[in-house]
Amino acid sequence: MVCVYTEDRWADILAAVASVRAQSRPALETLLVVDHNPVLRERLGREYEDDPSVRVVANAGPRGLSAGRNTGIAEARGEVVAFLDDDAVAGPGWLRHFAEAYGDPRVMAVGGRTEPAWASGRRPAWFPEEFDWVVGCTYRGLPPGRVRVRNVLGGNASFRRTAFDAAGGFATGIGRDGGRRPLGCEETELCIRLTRALPGAVLLIDDRAVVRHRVPAARERFGYFRTRTYAEGLSKALVARSVGADKGLESERRYAARVLPAGVARGLGDAVRGRPGGAGRAGAIVAGALVTAAGYLAGTVRARRDGGRFVIPPSPVAAAKGDGPSGKGAA
């Protein structure tokens, strides 16, 4: 499934669909869920009118990524639903590596590794790998290989459809919504809810399931870095209010206590050795941690004041009209 919302990403959308078509394990179907943009929906419908493997549908819920995903889940016909960002391309083995993990019936979700494709052609010297989550990518500190995790990352992930029967859909009001503040964490909240509903559930990341995520020039700048880290803090506060701080911040505490200090030391070490960007990376890690914490505090105050503003919908699968074919995954 690819959720889309703007014609500004037309070339990216076509590239994302082409990468799904090129999979070594073919998808049962490719769903394009259009977020309240009739012009884009009509244009995509014309583009793929002769390809029955691509279906274009309108977001049936409120504006935003979560409702778009829930619409796609309800429409999907496969036993496994995979999610790909509209500005990313999947490697040819992406779906195959996902499918292999589902041989274990305990596995409810599988994510992969997302690599940045910088508009400038290379990583900015000051941008720390520990904060690659800012641009929607896998960050330094995640374990390598195929490993159990608390949550998968939404732009490169897959779920059994039965997971949504157990846990409900993606919460609306927490994730991204077009040009608004870039909130996130909806997949974190869902994954925690899923493991609570199914205590024996296994969630994995397999770093062989690779996608390349485009990072436009505007997101290579410190202004975006600052805005996105603050928004992450706001989102974490909503998640903590929903599922409790113990679980909601479990991975974040380890990240802050181990990964970030090591990153600062590495950056300062590079600066001492005269390597470019070392001091900038160390400073960016400190700034990112402080701004995220400020966002979390602001979000906590806001959540206490208004009680939080996101809604957990019932299972999108239960809302679907009948069951479709099974076997191969749907992207």
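In which handedness of crossing does α7 pass α10? I looked this up before anything else, and the crossing of α7 past α10 is right-handed. I note here that the model is a predicted one.

**Entry: the helix pair**

I took the two helices to be α7, residues 222-243, and α10, residues 278-306. Their axes lie 7 Å apart, and the packing angle is about 40°. Angles under 35 degrees would count as roughly parallel, and 65 to 115 as roughly perpendicular. The pair α7 and α10 is therefore oblique.

**Entry: the sheet at the start of the chain**

I then turned to the open sheet of three strands, whose order is β1-β2-β3 with parallel pairing. Its edge strands are β1 (2-4) and β3, each of which pairs on one side only. From one strand to the next, the twist averages 20°.

I checked the two pairings one by one. β1 and β2 run parallel and are joined by three bridges. V4 has V34 in β2 as its bridge partner. Strand β2, residues 30-34, is joined to β3 by five bridges, again in parallel. Here L32 has V56 in β3 as its bridge partner.

How many of the residues of β2 are buried? I found five of its five residues buried, and β2 is mostly covered. The cover is on both faces: T30, L32 and V34 are buried on one side, and L31 and V33 on the other.

I also looked for what lies across this sheet. Helix α2 lies across β1, β2 and β3, and it runs at about 165° to β3.

**Entry: H36**

Between β2 and α2 there is a loop, and H36 is found in it. I noted its phi, which is near 50°, a positive value in a residue other than glycine. Most residues other than glycine have a negative phi. I also looked up the exposure of H36: its relative accessible area is 38%. Buried would need under 20% and exposed over 50%, so a residue in between is partly exposed. H36 is therefore partly exposed.

**Entry: Y48**

Is Y48 buried or exposed? Its relative accessibility is 6%, and it therefore counts as buried. Y48 is placed in the loop between α2 (38-47) and β3 (54-58). I listed what it touches, leaving out residues up to four places away in sequence: L14, V17, R21, L32 and V54. One of these, L32, is the β2 residue whose bridge partner is V56 in β3. Another, V17, is among the buried residues of α1.

I also took one long distance from Y48. L190 is 142 residues away from Y48 in sequence, and their C-alpha atoms are 32 Å apart in space.

**Entry: helix α1**

I compared the length of α1, residues 10-21, with what is expected for a helix. At 1.5 Å a residue, its 12 residues should span 16 Å. The C-alpha atoms at its ends are 17 Å apart, which agrees. Its buried residues are W10, D12, I13, A16, V17, S19 and V20. An α-helix has 3.6 residues a turn, so residues three or four places apart point the same way. I note W10, I13, A16, V17 and V20 among those buried.

**Entry: β6 and β9**

Why is strand β6 largely enclosed by the rest of the structure? β6 covers residues 107-118, and nine of its 12 residues are buried, so the rest of the structure largely encloses it. I found the like for β9: 10 of its 14 residues are buried, so β9 is also largely enclosed.

These two strands pair with each other. β6 and β9, residues 202-215, are parallel over 10 bridges. In this pairing P116 stands opposite H213 of β9.

I went on to the other partners. β6 runs antiparallel to β8, residues 156-160, and three bridges join them. G111 has A157 in β8 as its bridge partner. β9 is joined by three bridges to β5, residues 88-90, and the two run antiparallel. There A90 stands opposite V211 of β9. With β7, residues 146-148, β9 also pairs in the antiparallel sense, over three bridges. R148 has L204 in β9 as its bridge partner.

Key:
Residues are numbered from 1 along each chain as its sequence is written. This is a predicted model: local features need pLDDT of at least 70, side-chain atom pairs count only at pLDDT 80 or more; totals for chains, interfaces and linings use all residues. Side-chain values use heavy atoms; hydrogens and water are left out. Buried means under 20% relative accessible area, exposed over 50%, partly exposed in between (1.4 Å probe, protein chains only). Helices (H or I, at least four residues) and strands (E, at least two) are DSSP runs, numbered from the N terminus. Two strands pair if DSSP finds at least two bridges between them. The expected span of a helix is 1.5 Å times one less than its number of residues. Contact means heavy atoms within 4.5 Å. Axes are lines fitted to C-alpha atoms, for helices over the stretch in contact, and angles run from 0 to 180 degrees between N-to-C directions. Angles under 35 degrees count as roughly parallel, over 145 as roughly antiparallel, 65 to 115 as roughly perpendicular and the rest as oblique. A crossing is left-handed if the near helix is turned anticlockwise from the far one by less than a right angle, and right-handed if clockwise.
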